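Let's take a walk through a protein together, moving from single pairs of side chains to the whole fold. Keep the structure open beside you and look for each residue as we come to it.

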Amino acid sequence: MKGWNVKMVDSGGLWTPPEDELGEALQTAQVLIEEGRADEAGPYQQRVIELARERAEGHPNHYEAKHLMAATQYELAGSLNASNRHEEALAALHEAQLGYTELQDAGVLDATSFLADVRARRAMTQAHRGHGATAVLEMDGAVIAYGQLVGGEEGLKHQPDFARVLAMNALILRRYGDPALAVASADAATQLFLQLADQINESPQSLSYARYLCTATAVSADVHAAEGRLDLALEADEIGLTTADTLADSDSVTDMRTLVAALTRKGKHLGIIGRMMESESCLRTATDTDPETAARVIEELDRGLPLTLVSALENAEIKLGPFEQYYRLLALSEPAPGMTLATVSGRTDPESAAVRATELAELVKPLLMQDADSALTLGLEAHYLFAISSERESHRMRYETSTYVPIWAQLLLDVSEAYYQAGRTEIALDLGGWCAEVATALIPFTDDNEVMKDLAGACYRHHGNLLAATGDLAASHHAHEAAQQLQLGR
């Protein structure tokens, strides 16, 4: 996932770059990003932030400088990600979010799209760290926000960025979610990019959008091929390859890798349908150009996709025998009324989400012993639905906390532990963090309920153990201390 850039700094008309050191640093950073060299832009972005901060100091209403700081913190996070400095990227995104929120609260900027972009980039950052569950939910929020913008008065203006966010969403869902949602998001992104081709080609960010089109077509091709829809896979391959070929003229190493990846994908898919001469030609060209990238794509394709929700439910019915909620849960694979199914939140409304999540959670523990892959798929889907119901402040999650939150906490405990035992420490830690957070919501019920107290304590200890296992001893100590204080009733 290296090297993918999000849209350039957009001032929303609040400022014009001055003709001085700040303007030069800003321009240099933007040129580097547009050329796919985001990892080199960081020092220039740091300088822009320093200079903008100096201008804002002592001028509380200097909104232009504050906007420039927020926008550049957002861009800086992309550069830090390109250099594998993900913790620093998250800190920069936090600063960007604070800045945009301040501007929105002051009434000088509608920050909806900017805050959605922060969520999208934070999702990519979390995915880089292997924190895939958090990545899926952050990106879900970004897609929903852009979907609302596209449906609003200035919808046309936001369409290219809606396509971009759908492409990013597809990428994350392909790895950490349901491939059926991933391909729906990727196909929607591809279709929108193609419809907007004339508008995008005239945009200063045209190269960035082209890179996201390649992201979308890669996910489309992977999933369609895995599901046996080779005609659709090759169609996506062709669009991706044509776009990547144009991009490769930029002399960017990243864009050349994108071209090699597209060639490798097409070669593998041609091989599946028996067009061996064309297949070998594509694979040979790819391997001769960049053997490392070609090998990585082949390995990724050979590894296959995660299970879909439908497959995991079918496996659960085979292993556990018929269960009463099967058809209600199967209905989650169709979009809820008024929704399109490219996100987890498109599966159902926030109130039903908590109920469906509970029904999924009931299957996880018995299934873990017989089919861990299916159990973990259902466990992640249950977590996503609980989290969405909670974020949307559904009546059930707010006023029936003592019913639903313990189920969510126990689910996270079981699934996080199972991932850890399977050697997947990063996502185990991600879910362990959620587990501790959900446990905090149990605290009000622990005074007169030993079961709740034990569950909350187990969540804190589990998170503490994972933090220790990954070397964060200070945070581990705090987590164990929280568990101990809970037992002592403090």
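Which kind of link do the side chains of Glu88 and Arg85 form when they meet? They form a salt bridge, with 2.9 Å from N to O. Before we go on, please note that this is a predicted model. Both partners of this pair can be reached in part from outside: Glu88 is partly exposed at 39% relative accessibility, and Arg85 is partly exposed too, with a relative accessible area of 38%.

Now turn to another pair. Arg265 and Asp222 also meet through their side chains in a salt bridge, here with 2.7 Å from N to O. Arg265 sits in helix H12 (residues 253-272) and Asp222 in helix H10 (residues 206-226), so this pair ties together parts that lie 43 residues apart in sequence. Are these two buried or exposed? Arg265 is buried, because its relative accessible area of 8% falls under the 20% cut-off. Asp222 is buried as well, at 5% relative accessibility.

A further salt bridge stays inside one helix. Arg303 pairs with Glu299, and their closest N and O atoms are 3.7 Å apart. Both residues belong to helix H14 (residues 291-303), where they are four residues apart, about one turn of the helix. Here is the idea behind that spacing: an α-helix has 3.6 residues a turn, so residues three or four places apart point the same way. Arg303 itself is exposed, with a relative accessible area of 59%. Salt bridges can also link up by sharing partners, and in this way Arg174, Arg175, Asp222, Arg265 and Glu300 are joined into one network. In total, the count comes to 29 salt bridges.

Next, let's look at one helix by itself. Helix H2 runs over residues 42-56, and with 1.5 Å a residue its 15 residues should span 21 Å; the C-alpha atoms at its ends are indeed 21 Å apart, so the two values agree. Which residues of H2 are buried? They are Gly42, Gln45, Val48, Ile49, Leu51, Ala52 and Ala56. Take Gln45 from this list: its relative accessibility is 1%, so Gln45 counts as buried. Setting aside residues up to four places away in sequence, Gln45 touches Ala29, Ile33, Thr72, Glu75, Leu76 and Ser79.

From here we can step back to the whole protein. Its secondary structure consists of 23 helices and zero strands. The radius of gyration is 23 Å, close to the 23 Å that the globule rule gives for 490 residues, so the protein is as compact as a globular protein of that length. Along the principal axes, the C-alpha trace spans about 70 × 65 × 45 Å. Of the 490 residues, 55% count as buried. Among contacts with a separation of 6 or more, 66% come from residues 24 or more positions apart.

Finally, let's go inside. The largest nonpolar core has 100 residues, and those with the most contacts inside it are Met139, Leu313, Leu360, Leu378 and Trp408. Helix H7 (residues 155-176) gives the largest share of this core, eleven residues. What does Leu313 touch, leaving aside its neighbours within four places in sequence? Leu313 is in contact with Phe323, Tyr326, Leu329, Leu330, Leu360, Leu363 and Leu378. There is also a second, separate core of 17 residues, including Ala70, Ala71, Ala77 and Ala92.

Note on methods. Residues numbered from 1 in each chain as written. Predicted model: local features only at pLDDT ≥ 70, side-chain atom pairs only at ≥ 80, totals over all residues. Heavy atoms only, no water. Salt bridge = Lys/Arg side-chain N within 4 Å of Asp/Glu carboxyl O. Buried < 20%, exposed > 50% of the residue type's maximum accessible area, 1.4 Å probe, protein only. Helix = DSSP H or I, 4+ residues; strand = E, 2+ residues; numbered from the N terminus. Expected span 1.5 Å × (residues − 1). Contact = heavy atoms within 4.5 Å. Rg over C-alpha atoms; globule rule 2.2 N^0.38 Å. Core = buried A, V, L, I, M, F, W, Y, C linked by side-chain atoms within 4.5 Å.
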